[in-house]
Amino acid sequence: RTEGDFDHHRLAMASLWLATKVRETSCRLRDIVNGFEVLLQRADESCGMPMEVYWAMRDEIVVHEQVLLRGLGFDVELTPAYAYLCEFSWMLGSSESQVLRLAWTLLNDAFRCEICAMASSDRLALSCLLLALELSRRVPSLQLEAAQLSSRLERLLREPQLEEFLGLAAGGEEIEDICRDLLAMYEDVADKEGP
């Protein structure tokens, strides 16, 4: 099947339904369908969908869910990279910051290419954080925050063996390579889009 064979609304419903199953906050499919129908302004909140229509839609959503699961390789566990990034932000004593939002965005983008398969989750998360710090130093509105987070990171790295554990010790080129790969990914996108 091709991409055009799938209705994006049905795929969104299947994704939400699958997410509720994975997160163990199960939600009835009928509630999800009714919610989408109301949001898409295709149904009244007061009157529900006829059962025949619902059962046909349910069958389509189940097919979409199966396709989604195959696309994910039946791996519905959240990647530990996000947990590592949250842990690193906790270690830096900062959970709500623009720099960390940038690191989160970089991590999201890393999962759009092969970088996520080539690097371990902890190294990938740390690379995104360090790259976000470096990029933030070049944005005037983020410079102060980046400097504060950098000084906290430097203090953390003074802890015995933590620098080596994080992969930042001498000979820790792996982090630099991941950062270079992330930047190369953006350069490739810019080249494809052209001037």
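Helices here are DSSP runs of H or I with at least four residues, numbered from the N terminus. With that in hand, welcome to the tour of this predicted model.

**Stop 1: the loop at S97**

Select S97, which sits in the loop between α4 (80-91) and α5 (98-110). Is S97 buried or exposed? With a relative accessible area of 7%, S97 is buried. Now show side chains and look for E145: its side chain and that of S97 make a polar contact at 2.9 Å. Leaving aside residues up to four places away in sequence, S97 touches E145 and L149. Keep L149 displayed, since L133 touches it too.

**Stop 2: the whole chain**

Zoom out and colour by secondary structure. You should find 10 helices and 0 strands, so the view is helical from end to end of the element list, as DSSP runs are counted. Buried residues account for 34% of the 195 residues in the chain. Switch on a surface if you like: the chain exposes about 12,700 Å², and carbon and sulfur atoms supply 53% of that area. For a feel of how the chain comes back on itself in sequence terms, take the contacts between residues at least 6 apart: 69% of them join residues at least 24 apart.

**Stop 3: the largest nonpolar core**

Next, select L107, I115, L124, L129, L133 and L182. Within the largest nonpolar core, which has 32 residues, these are the ones with the most contacts. Which elements give two or more residues to this core? They are α4, α5, α7 (121-136), α8 (143-157) and α10 (173-193). The largest share, 9 residues, comes from α7. As a general point, nonpolar side chains in soluble globular proteins tend to be buried together.

Stay on L133 for a moment and display its neighbours. Not counting residues up to four places away in sequence, L133 touches V99, A146, L149, S150 and L153.

Another core lies apart from this one; it has 11 residues, among them M13, L29, M49 and Y54. Select those four and hold on to L29, which returns at the helix α2 stop.

**Stop 4: two cysteines**

Select C128 and C179 and show their sulfur atoms. How far is the sulfur of C128 from the closest cysteine sulfur? The distance is 7.6 Å, to C179, and that is too far for a bond. A disulfide would need the two sulfur atoms within 2.5 Å. The structure accordingly holds 0 disulfides. Both cysteines are buried: C128 has a relative accessible area of 0%, and C179 has one of 13%.

**Stop 5: the end of α7**

Follow helix α7 to E134. At 31% relative accessibility, E134 counts as partly exposed. Its side chain is joined to that of R138 by a polar contact of 3.3 Å. R138 itself lies in the loop between α7 and α8, and its 61% relative accessibility makes it exposed. Before leaving, draw a distance from the C-alpha of E134 to that of A147: these residues are 13 apart along the chain, and the separation is 9.6 Å.

**Stop 6: helix α2 and its buried face**

Select residues 29-39, which form helix α2, and pick out the buried ones: L29, R30, I32, V33, F36 and E37. Turn the view to look down the axis of α2. Its buried residues fall within an arc of 160 degrees, so they line one face of the helix. What do these buried residues pack against? Their partners are α1 (8-22) and α3 (51-71). Just beyond the helix, select Q41, which follows α2 and has a positive phi, near 55 degrees.

**Stop 7: L11 on α1**

Finish on helix α1 by selecting L11. L11 counts as partly exposed, at 31% relative accessibility. Where sequence and space are concerned, L11 and I61 are 50 residues apart in sequence, yet their C-alpha atoms are 7.0 Å apart. Show H64 and L68 as well: L11 touches both, with residues up to four places away in sequence left out of the count.

Methods
Residues are numbered from 1 along each chain as its sequence is written. This is a predicted model: local features need pLDDT of at least 70, side-chain atom pairs count only at pLDDT 80 or more; totals for chains, interfaces and linings use all residues. Side-chain values use heavy atoms; hydrogens and water are left out. Buried means under 20% relative accessible area, exposed over 50%, partly exposed in between (1.4 Å probe, protein chains only). A polar contact is a pair of N or O atoms within 3.5 Å; within protein, one must be able to donate a hydrogen and the other to accept it, and residues adjacent in sequence count only if both atoms are side-chain atoms. Contact means heavy atoms within 4.5 Å. The arc is that of the directions from the helix axis to the C-beta atoms. A nonpolar core is a set of buried Ala, Val, Leu, Ile, Met, Phe, Trp, Tyr and Cys residues joined through side-chain atoms within 4.5 Å. Accessible areas come from the Shrake-Rupley method with a 1.4 Å probe; for residues, only the protein chains shown count as cover.
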